[in-house]
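Colleague: Could you take one loop residue of this model and look closely at its surroundings, then work outwards to the strands and the core? I would like one connected account rather than a list.

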Amino acid sequence: MTTVQYYPESVLSQQVKTLLLQAGAQEKDAEATTCALLHASRIGVDSHGVRLIGHYLRLLGTGGINPRPSTTFKRTGPATGQLNADGGLAHPAAYRAMNEAILLAREAGIGAVGVHHSSHFGAAGAYVLEAARQGMIGLIMSNSDATVSLFGGAKPFHGTNPIAMAAPVKNSDPWLMDIATSSIPFNRVKLYRSLGLPLPVGVAADSSGLSTQDAMAASFLQPLGGEGFGFKGAALAGLVTVLAGALTGAELDPVMTGTDEEQNFLKRQNVGHFAIAIDPEKFIGSVAYDLAMRKYLDLLRNSPSADGQHPVMAPGDREWQEARRRAVNGIPVDAETRRILGL
């Protein structure tokens, strides 16, 4: 029996939004959350796509996420602002933070907005694409509860702490980067468990903090860079904690409430995000920027590949290819997610 079935984006979008509304979410919040989840499913980041709907529905039902938040934004300077997400769904808060940053950047050339009292915001790339669509460079990051060790550390300390950036490219898809600062997401560990496969070297540790390739023994993740160069990933995770946590008023990773334990579904997190928008017009000028980006990408894509067969790709190329493929073939949905969606 096939465990994965394919559906048009429109069908999944309708089902996800309907379930969020039934769980008590406000119309605009359900719309934004649906948009963010479908972004991830559209480009092939299924770990952060529609399969997360059950997680959010559960938190909405238990009070772990505030279904009807009163989100407030305060401008704090010529190019800065703070947004209080009031414990609600993070996706609408992140979209609003980016759009507020864009408005600030139209005046000052750059805008930065911190978010606090938020929650898990899914795929970070969804929000920076809003900036790119409006002709700006977007950058966003988020801290999260501890699931990743320090370099040489014996217990979880940082979250996976994603960083995403999008840059507009005239008459083309944006340049898009969306990465975690851990070697792999924990969902990858779960996948290897289900397949009975060993993990790659240097991506996870057991409960004592020792590196392991046994997916069943993996207790937490190791930072990007693995055993030899994990100090790089740990430092990047710390950068996110400083900007998205310490600077915004969110909880720091090591003491943040998690959502994996049963009892924590009753508690609201205080996750922080940090959104930046940059207007190229206020720097080199839009015309010169467009020319520079086109030259850069032409040089990149025409660079020789090591095997002479597979072309090198710019960040985002693979995702845009997958989005075009899924627009034709549909989005894959696993059996459990189909059950939740009623498909």
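Modeller: Once its neighbours within four places in sequence are set aside, Pro174 is in contact with Leu129, Ala132, Ala167, Val169, Pro315 and Trp320. The model is a predicted one, and in it Pro174 sits in the loop between strand S8 (163–167) and strand S9 (175–179). Although it belongs to a loop, Pro174 has a relative accessible area of 16%, and because buried means under 20%, Pro174 counts as buried. One of its contacts, Leu129, is 45 residues away along the chain, yet the two C-alpha atoms are separated by 7.6 Å.

From this loop one can turn to the nonpolar interior. The largest nonpolar core has 34 residues, and those with the most contacts inside it are Met98, Phe121, Tyr127, Val128, Ile140 and Ala277. At least two residues of this core come from each of helix H2 (27–43), helix H4 (90–108), S4, helix H5 (125–133), S8, S12 and helix H9 (317–329), and H4, with 10 residues, gives the most. Ile140 shows how such a residue is surrounded: leaving aside neighbours within four places in sequence, its contacts include Ala94, Met98, Phe121, Tyr127 and Val128, and also Ile163, Ala164, Phe274 and Ala275. Apart from this core lies another, of 21 residues, among them Ile53, Tyr56, Leu60 and Leu89.

Strand S12 (residues 271–278) deserves a closer look, for 7 of its 8 residues are buried, so the strand is largely enclosed by the rest of the structure. Strand S4 (residues 110–118) pairs with S12 in the antiparallel sense over 7 bridges, and within that pairing Ser118 has Val271 as its bridge partner. Strand S5 (residues 137–142) also pairs with S12 in the antiparallel sense, over 6 bridges, with Leu139 standing opposite Ile276.

The surface offers a contrast to these enclosed parts. Ile179, Leu224, Leu236 and Leu239 form a nonpolar patch there, and together they have about 260 Å² of accessible area. Of these residues, Leu236 is found in helix H7 (residues 226–246), and at 31% relative accessibility Leu236 counts as partly exposed, whereas Pro174, at 16%, is buried.

Definitions and conventions. Residues are numbered from 1 along each chain as its sequence is written. This is a predicted model: local features need pLDDT of at least 70, side-chain atom pairs count only at pLDDT 80 or more; totals for chains, interfaces and linings use all residues. Side-chain values use heavy atoms; hydrogens and water are left out. Buried means under 20% relative accessible area, exposed over 50%, partly exposed in between (1.4 Å probe, protein chains only). Helices (H or I, at least four residues) and strands (E, at least two) are DSSP runs, numbered from the N terminus. Two strands pair if DSSP finds at least two bridges between them. Contact means heavy atoms within 4.5 Å. Patches are made of residues with over 30% relative accessible area and no salt bridge: like charges are joined within 9 Å, nonpolar side chains (Val, Leu, Ile, Met, Phe, Trp, Tyr) within 5 Å. Accessible areas come from the Shrake-Rupley method with a 1.4 Å probe; for residues, only the protein chains shown count as cover. A salt bridge is a side-chain nitrogen of Lys or Arg within 4 Å of a carboxyl oxygen of Asp or Glu. A nonpolar core is a set of buried Ala, Val, Leu, Ile, Met, Phe, Trp, Tyr and Cys residues joined through side-chain atoms within 4.5 Å.
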